[in-house]
Amino acid sequence: RVRTKVGVIEAEEALRELLDPFSKFPFVSDLDRGVFLSALLSCVVRQSLTIAPGYLITAPTAGSGKTLLAQSLGLLQTGQIPAASALPGTEEEIRKQVFSTLRQGGTFLLFDNTQRGSHLDSPALAGLMTTPEVAQRVLGQSVSERRPNRMTVVFTGNNVALKGDMNRRFFTTQLDPKVEHPFTRRFAFDPVR
């Protein structure tokens, strides 16, 4: 019984230490903080998982910390701040970007500043979350290649929601600083650093 109590105390201390760099982010609820914890832990062990969910970080306004949170996840998974890109406009372009990233050995995709108020629905990305391997024709060649999928996909955007199969394959975490100009806030911490 004493040993169990010590284990619980150690686990709680480890959780506090893990979340400390992110304690100033304005998560809307404990559920949102829990989704982010899921993302943190998933990024740490992603290479050992055959499948894993993707993540959407959304907020009602710009400057809420969405991109910084997403960059922190990418840095944790890959050791470097991930390049951010816009979500391609067609499913074919999404497939090309995913496969190109996999061919280069990439394991983290950040689609930053997804269009305000949009409903994300991509069969290509929904499918990516449930397959351990991706096969596609190499651009400009008559050859198909297979690549292991250990990709984490993160979206950021203001007032963005998931649609279709994306609802079951991506987790959403919401931030809300509840101030008029959140981008003017200053903090004495930098989770990336």
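Trainee: How many bridges join S3 to strand S7?

Mentor: In this predicted model, strand S7 covers residues 152–158 and runs parallel to S3. One of the pairings sets Leu110 of S3 against Val154 of S7. The number of bridges joining S3 to S7 is five.

Trainee: Which residue of S3 is the bridge partner of Ala84?

Mentor: Strand S2, residues 84–85, also runs parallel to S3, and two bridges join the two strands. S2, helix H4 (residues 91–103) and S3 together make a right-handed β-α-β unit. In S3, the partner of Ala84 is Leu110.

Trainee: Is strand S3 largely enclosed by the rest of the structure, or largely open?

Mentor: Strand S3 comprises residues 108–114, and six of its seven residues are buried. A residue counts as buried when its relative accessible area is under 20%. Strand S3 is therefore largely enclosed.

Trainee: Which residue has its backbone nitrogen 2.9 Å from a polar atom of the Thr156 side chain?

Mentor: Thr156 lies in strand S7 and, at 0% relative accessibility, counts as buried. Its contacts beyond four places in sequence include Leu110, Phe111, Asp112, Asn113 and Thr114, and also Lys66, Thr67 and Ala70. The backbone nitrogen at 2.9 Å from the Thr156 side chain belongs to Asn113.

Trainee: Against which elements do the buried residues of H3 pack?

Mentor: Helix H3 spans residues 66–78, and its end C-alpha atoms are 18 Å apart, in agreement with the span expected for 13 residues. Its buried residues are Lys66, Leu69, Ala70, Ser72, Leu73, Gly74 and Gln77. They pack against helix H2 (30–45), strand S1 (54–59), S3 and S7.

Trainee: With which residue does Glu145 form a salt bridge whose closest N and O atoms are 3.0 Å apart?

Mentor: Glu145 is buried, with a relative accessible area of 18%, whereas its partner is partly exposed at 36%. The closest N and O atoms of the pair are 3.0 Å apart. Glu145 lies in strand S6 (residues 144–148) and the partner in helix H4, so the pair ties together parts that are 42 residues apart in sequence. The partner is Arg103.

Trainee: Is Arg146 buried or exposed?

Mentor: The side chains of Arg146 and Glu133 meet in a salt bridge, at 2.6 Å from N to O. This pair links distant parts of the chain, with Glu133 in strand S5 (residues 133–137) and Arg146 in strand S6. Glu133 is partly exposed, with a relative accessible area of 36%. At 58% relative accessibility, Arg146 counts as exposed.

Key: Residues are numbered from 1 along each chain as its sequence is written. This is a predicted model: local features need pLDDT of at least 70, side-chain atom pairs count only at pLDDT 80 or more; totals for chains, interfaces and linings use all residues. Side-chain values use heavy atoms; hydrogens and water are left out. Buried means under 20% relative accessible area, exposed over 50%, partly exposed in between (1.4 Å probe, protein chains only). Helices (H or I, at least four residues) and strands (E, at least two) are DSSP runs, numbered from the N terminus. Two strands pair if DSSP finds at least two bridges between them. A crossover is right-handed if, with the strands pointing away from the viewer, the path from the first strand over the helix to the second runs clockwise. A polar contact is a pair of N or O atoms within 3.5 Å; within protein, one must be able to donate a hydrogen and the other to accept it, and residues adjacent in sequence count only if both atoms are side-chain atoms. Contact means heavy atoms within 4.5 Å. The expected span of a helix is 1.5 Å times one less than its number of residues. A salt bridge is a side-chain nitrogen of Lys or Arg within 4 Å of a carboxyl oxygen of Asp or Glu.
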